[in-house]
Structures are given as C-alpha cells and as structure tokens.
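The exercises below ask you to look at a structure and reason from it step by step. Try each task before you read its solution.

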Amino acid sequence: MSLEVHLVTPEREVWSGPARMLVARGVEGEVGILAGHAPLLVRLAIGPLRILTDDEGERVAVVDGGFLHVTSEAGAT
C-alpha cells in the first residue's frame, strides 16, 4: 500500500508521486508517515524530508520550515 505525496513550495509543486513512507523533521522531533496514517498537521523544522518511493528509491529535499499536512484517503475501505 502506498501514499500520495505532494511536495509544494510557495511558488509551485516540486514533486508528486506514490511513496512507501515519508520521514520529516518537525519542531518537536522526527515523524514517519505510512499509508493509512491518521490526519495530522506538523510544523516543520529546518532539515531533510525523506520520501521512500515505491520502487525502493529515495528522494531527499531540504526544507526550511513550513507544514506537513496528512489527510485521510477518500473512499478508503
């Protein structure tokens, strides 16, 4: 099972696609997100954002604050 990730800056969407897991550094510590995670809003700290993709690859972006917003899947059973 995968989750849909959208990496967005104030100017544009930088990347989107399916992922197995997302790991981000929040102001209160690291958080890992898997498919089916409960809705969540995290204030991000300066640090890496790791996206572990479905094809066993990894994408890394460095964020300088912002928010991580997790929503539930519409129509999930």
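**Exercise 1.** Decide whether serine 72 is buried or exposed, and say where along the chain it lies.

*Solution.* In this predicted model, begin with the relative accessible area of serine 72, which is 53%. The cut-off for an exposed residue is over 50%, and therefore serine 72 counts as exposed. Next, place the residue in the chain: serine 72 belongs to the segment after E6, the strand that covers 67-70. Finally, look for what lies across from it in space: although serine 72 and glycine 36 are 36 residues apart along the chain, their C-alpha atoms are separated by 6.9 Å.

**Exercise 2.** Find which strands pair with E2, and in which sense they run.

*Solution.* Start with E1 (3-8) and E2 (13-26), which pair in the antiparallel sense over six bridges. These two strands form a hairpin with four residues between them, and valine 8 stands opposite glutamate 13 in E2. Then turn to E3 (29-34), which runs antiparallel to E2 and is joined to it by six bridges. Here the hairpin connection passes through two residues, and methionine 21 has leucine 34 of E3 as its bridge partner. The last step is E4 (40-53), which is likewise antiparallel to E2, with six bridges between them.

**Exercise 3.** Threonine 53 and glutamate 56 can be set side by side; determine for each whether it counts as buried or exposed.

*Solution.* Take threonine 53 to begin with, a residue of strand E4 that is the bridge partner of alanine 19. Its relative accessibility is 9%, and the cut-off for a buried residue is under 20%, so threonine 53 counts as buried. Leaving aside residues up to four places away in sequence, threonine 53 touches Trp15, Pro18, Ala19, Arg20, Glu58 and Arg59. Now move on to glutamate 56, which sits in the loop between E4 and E5. At 60% relative accessibility, glutamate 56 counts as exposed. One further detail concerns the backbone. Most residues other than glycine have a negative phi. Glutamate 56, which is not a glycine, nevertheless has a positive phi of about 70°.

**Exercise 4.** Name the residues that touch the most other members of the largest nonpolar core, and trace which strands supply this core.

*Solution.* The largest nonpolar core contains 16 residues, and among these Val5, Leu22, Ala24 and Leu68 touch the most other members. At least two residues of this core come from each of E1, E2, E3, E4 and E6. To see one member in its surroundings, consider alanine 24, whose contacts, apart from residues up to four places away in sequence, are Gly29, Glu30, Val31, Leu44, Pro48, Leu49 and Leu68.

**Exercise 5.** Describe the largest pocket by its volume, the residues nearest its centre and the classes of residue in its lining.

*Solution.* The volume of the largest pocket is about 780 Å³. Its lining is made up of 33 residues, with Glu4, Val5, His6, Leu68 and His69 lying nearest the centre. Sorting the lining by class gives 20 nonpolar, ten polar and three charged residues. As for their origin, E1, E2, E3, E4, E5 (58-64) and E6 each supply at least two residues of the lining, and the largest share, six residues, comes from E1.

Technical notes. Residues are numbered from 1 along each chain as its sequence is written. This is a predicted model: local features need pLDDT of at least 70, side-chain atom pairs count only at pLDDT 80 or more; totals for chains, interfaces and linings use all residues. Side-chain values use heavy atoms; hydrogens and water are left out. A nonpolar core is a set of buried Ala, Val, Leu, Ile, Met, Phe, Trp, Tyr and Cys residues joined through side-chain atoms within 4.5 Å. Buried means under 20% relative accessible area, exposed over 50%, partly exposed in between (1.4 Å probe, protein chains only). Contact means heavy atoms within 4.5 Å. On a 1 Å grid over the protein atoms alone, a cavity is a set of points where a 1.4 Å probe fits but cannot get out, and a pocket is an open set with protein on both sides within 12 Å along at least five of seven lines; lining residues have an atom within 4 Å of a point. Grid points are joined across faces, edges and corners, and a volume is the space filled by probe spheres set on the points. Ala, Val, Leu, Ile, Met, Phe, Trp, Tyr, Cys and Pro count as nonpolar, Asp, Glu, Lys and Arg as charged, and the others, Gly among them, as polar. Two strands pair if DSSP finds at least two bridges between them.
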